[in-house]
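Trainee: Could we go through this model together? I would like to see how the terms are applied.

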Amino acid sequence: MRPALAVLILLAVLVVGTSVGLHVAAGPSAADAATGGKAVERAAAAGVKPVKEVPLLELPDPLPERTLQVPILMYHRIAVLNGDEPAVTTGLTVDPGEFQLQMAWLHDHGYNTISQLELFQALEEGKPLPDKPIMLTFDDGYRGIATIAAPIMTQFGYSGTAYVITDRIAAKKTAAPTWLTWSQLRILEQRGWDIGSHTVSHTEIPHMSPEAAMKTLRQSRFALERHLGHPVQWFCYPAGSVDQKSVDAVHKAGYVLATTTKSGDTLSAQDPLRLERIRVSNTTGVRGLAAALS
Ligand SMILES: [Zn+2]
């Protein structure tokens with residue numbers, strides 16, 4: 001093939017690829033539309049049918065001036081403790097009976113869970129939220145999210161967000177029982193849940209080179225998009241570790257909302273990639289939850 005012809009073909013492929021990516025939603029930046037759109041297209045080509053329709057979103061520029069009081073609870077592991085877990089795991093574990101009491105308390109006090117999309121639209125577009133909105137998030141992708149937390153939450157009409165580490169997602173239910181499987185992620189979506197990225201291998205973004213950070217941000221997003229068949233633009237910083245460079249990288253990788261471990265419930269439309277949360281640990285209990293929400 002003559003070099004000039006090869007260049008022409010390459011250009012044609014690039015133009016077609018970009019326009020196909022752009023039709024997914026109006027207005028996203030060309031880079032994000034092309035990359036995010038391609039992962040979703042590959043999923044469609046492989047026969048992956050999305051459980052739900054999710055639009056490709058873009059943060060407004062400039063970001064609006066708006067603050068919302070929306071508690072975002074941060075859970076990790078919902079499981080019965082054996083007593084032989086390392087202290088760090090014990091601290092992250094909420095007993096299923098205790099979790100049930102917490103959900104019942106939220107329900108008795110009129111709290112309504114909202115989705116990531118609802119939070120995005122309220123924060124960045126000013127759309128109204130239900131009374132006493134709350135978001136329930138679960139970090140790291142423990143199996144008990146699907147087998148224990150979700151069934152309890154369904155009793156109260158609640159759904160949440162699972163931030164998963166894509167290298168740990170098991171292919172089959174018979175695999176290591178610690179982590180969620182790909183099919184469980186789809187079942188969670190059927191229950192109204194959102195799935196977000198917690199990177200490929202739980203590396204702290206500020207401690208990585210810019211190239212490595214971008215790689216883990218993009219690879220985890222695309223892995224989720226290929227398996228779920230729709231854009232995935234929700235992120236959670238491993239260990240809550242974040243600085244301005246991390247925020248910029250998360251934005252560039254196509255995410256529109258990101259949560260930290262900074263304590264609070266005041267969310268700013270100016271800072272959608274650095275959202276505060278309320279930690280619920282082994283010792284929080286209903287009393288601690290009530291105090292944190294008062
Ligand atoms: Zn984590």
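Trainee: Why are helix 4 and helix 6 called roughly parallel to each other?

Mentor: Happy to explain, but two notes come before that. This is a predicted model, where local features need pLDDT of at least 70, side-chain atom pairs count only at pLDDT 80 or more, and totals for chains, interfaces and linings use all residues. Residues are numbered from 1 along each chain as its sequence is written. Now, helix 4 (residues 96-108) and helix 6 (residues 144-155) pack at an angle of about 30°, and angles under 35 degrees count as roughly parallel, so helix 4 and helix 6 are roughly parallel to each other.

Trainee: Which residues make the contact of helix 4 with helix 6?

Mentor: Helix 4 brings Pro96, Phe99, Gln100 and Met103, and helix 6 brings Ile148, Ala149, Ile152 and Met153. Contact here means C-beta atoms, placed from the backbone, within 7 Å. These residues divide into seven nonpolar, one polar and no charged.

Trainee: What makes Leu119 of helix 5 a buried residue?

Mentor: A residue is buried if 20 or more other C-beta atoms lie within 10 Å of its own. In helix 5 (residues 116-125), the buried residues are Gln116, Leu119, Phe120, Ala122 and Leu123. Just after helix 5, glycine 126 takes a positive phi of about 80°.

Trainee: Which residues touch the most other members of the largest nonpolar core?

Mentor: Of its 64 residues, they are Ile145, Ala162, Ile195, Tyr255 and Ala258. Such a core joins buried Ala, Val, Leu, Ile, Met, Phe, Trp, Tyr and Cys residues through C-beta atoms within 7 Å. Helix 6 gives the most to this core, with six residues.

Notes
Axes are lines fitted to C-alpha atoms, for helices over the stretch in contact, and angles run from 0 to 180 degrees between N-to-C directions. Helices (H or I, at least four residues) and strands (E, at least two) are DSSP runs, numbered from the N terminus. Angles under 35 degrees count as roughly parallel, over 145 as roughly antiparallel, 65 to 115 as roughly perpendicular and the rest as oblique. Two residues are in contact if their C-beta atoms, placed from the backbone, lie within 7 Å. Ala, Val, Leu, Ile, Met, Phe, Trp, Tyr, Cys and Pro count as nonpolar, Asp, Glu, Lys and Arg as charged, and the others, Gly among them, as polar. A residue is buried if 20 or more other C-beta atoms lie within 10 Å of its own, exposed if 12 or fewer, and partly exposed in between; C-beta atoms are placed from the backbone.
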